[in-house]
Amino acid sequence: MKLTYPNYNSNILNIAATLASFLGCKNNHPKLDAIKRELDKGYKNVVFICFDGLGIHQLKTHLKRDDFLRRHIVSEITSVFPSTTTNATSTLYTATPPSSHGWFAWSLYFECKGQVIELFKDKDFFTGQDIDKNFLPTRLPKTPYYATNEIKNNNYISPNGYQVNEIQPPFCSHNLPLENSYHFKNLAEHFKYLSYICNKKGKQFVFCYNPKPDNHMHIYGVKNQSTKNLIATINSTVENFIKTHSDTLVIITADHGQADANVYFNLHKDDVLKNLLATPLYGDKRSVFLKLDKSCADTFTQTKIKLKCHIQTNYKNQIVLLCINYLIEKGVFGVSNSEHFNLLGDFVLVPANDNAELLISDECSMHKGAHSGLHEKEMLVPLIILSNKE
């Protein structure tokens, strides 16, 4: 399998960085000229929407070339790695790379607690017990760029005069005052709130996150007819919104894509693998982190050799073993120096093919649609720019 790595000159990070800079928030990451040119036109409304899982693969599978969303793809850009919602939406929220925010995966091992923690649920991954709600905000603080002090201290109005708003599903926290933060139950309600905001007086900036089609594809798969119907509905809903809202710029991307899964590796039943590790397995369904025992240098070297031999012998051509230090040096997580890199362990396992999931506990469900690895189906997402301004 050809691995598709993040390109931080053409990445979801660059969308967030461009919008953060537009709102007057300090940001040193490269900006995207295609978005800057549109922003310079001075729209009354600027809307950003992340449709979770709506990658290039999904759009090309279910929409024709001349369908609205496909017709307005400006470029194909990369997600972050791991290509998972925890990591990617944190990048989109904060306008920083994974190396800065540290929310790398669905679950991470924290040595200070001796636990694998589900980041979005504040729970011990293996026991399901709640952890201290203040732990993650202290250990991995995460503030959306549109709610930073530059904006907050100005009544959530940007220096260039945009009222900042957010629209998200109920399981997301309110980052703004309630009068500027909206929770929706379905796609129609999402766009009802969006219309309401865009029809208000004055300039409006709206950050939107929609969990579809990702949660749908996990259950039914990417190529399922119901997925096709859902993406067609998203396409028509966006098209109707654009037609009825002038002087409004809409920028759309996905946090990652997905691929259909039908092969499942029960890594939690691999006792040889687990005996080589200092911690439980953790991470995501297509990116599993391995932390080896470093208590003895000689033992550590031997363990690395045993690990490589075990993966090559037992999962040859099916699972790829990648060294974390190699990925750090390659810039896969962003900058090469971060206090958060200790959360990544020593190696990460990714499936060699696009159709496999790596299961790390008996409780792991077998998804029909999967992501978090390095295949182009999960790594390539669209930059879509829409407006009906002359």
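This is a conversation about salt bridges and one strand pair in a predicted model.

Colleague: How many salt bridges does the structure hold?

Modeller: The structure holds eight salt bridges.

Colleague: Which residue forms a salt bridge with Glu76?

Modeller: Glu76 forms one with Lys60, and the closest N and O atoms of the pair are 2.9 Å apart.

Colleague: Where do Glu76 and Lys60 lie?

Modeller: Strand β2, residues 73-78, contains Glu76, while Lys60 belongs to helix α3, residues 56-62, so the pair ties together parts that are 16 residues apart in sequence.

Colleague: Is Glu76 buried or exposed? And what about Lys60?

Modeller: Glu76 is partly exposed, with a relative accessible area of 37%. Lys60 is also partly exposed, at 45%.

Colleague: Let us move on to Asp271. Which residue is its salt-bridge partner?

Modeller: Asp271 forms a salt bridge with Lys274, with 3.7 Å between the closest N and O atoms. Both residues are in helix α12, residues 271-275, and because they are three residues apart, about one helical turn separates them.

Colleague: What is the relative accessible area of Asp271, and what is that of Lys274?

Modeller: For Asp271 the value is 48%, which makes the residue partly exposed. Lys274 counts as partly exposed too, with 35%.

Colleague: What about Glu378: which residue does it form a salt bridge with?

Modeller: Glu378 forms a salt bridge with Arg286, and the closest N and O atoms are 2.8 Å apart. Glu378 lies in helix α15, residues 376-379, and Arg286 in the loop between β12 (282-284) and β13 (287-290), so this salt bridge ties together parts that are 92 residues apart in sequence.

Colleague: Is Glu378 buried or exposed? And Arg286?

Modeller: Glu378 is buried, with a relative accessible area of 0%. Arg286 is likewise buried, with a value of 0%.

Colleague: Changing topic to strand β3: which residues are on its two sides?

Modeller: Strand β3 covers residues 107-110, with Ser107 and Tyr109 on one side and Leu108 and Phe110 on the other. These four residues are all buried, and both faces of the strand are covered.

Colleague: How many bridges join β3 to strand β4?

Modeller: Four bridges join β3 to β4, residues 115-118, and the two strands run antiparallel. Within this pairing, Leu108 of β3 stands opposite Ile117 in β4.

Colleague: How many residues are between β3 and β4 in the hairpin?

Modeller: The hairpin has four residues between the two strands. In the turn, Gly114 has a positive phi of about 65°.

Key. Residues numbered from 1 in each chain as written. Predicted model: local features only at pLDDT ≥ 70, side-chain atom pairs only at ≥ 80, totals over all residues. Heavy atoms only, no water. Salt bridge = Lys/Arg side-chain N within 4 Å of Asp/Glu carboxyl O. Buried < 20%, exposed > 50% of the residue type's maximum accessible area, 1.4 Å probe, protein only. Pairing = 2+ DSSP bridges.
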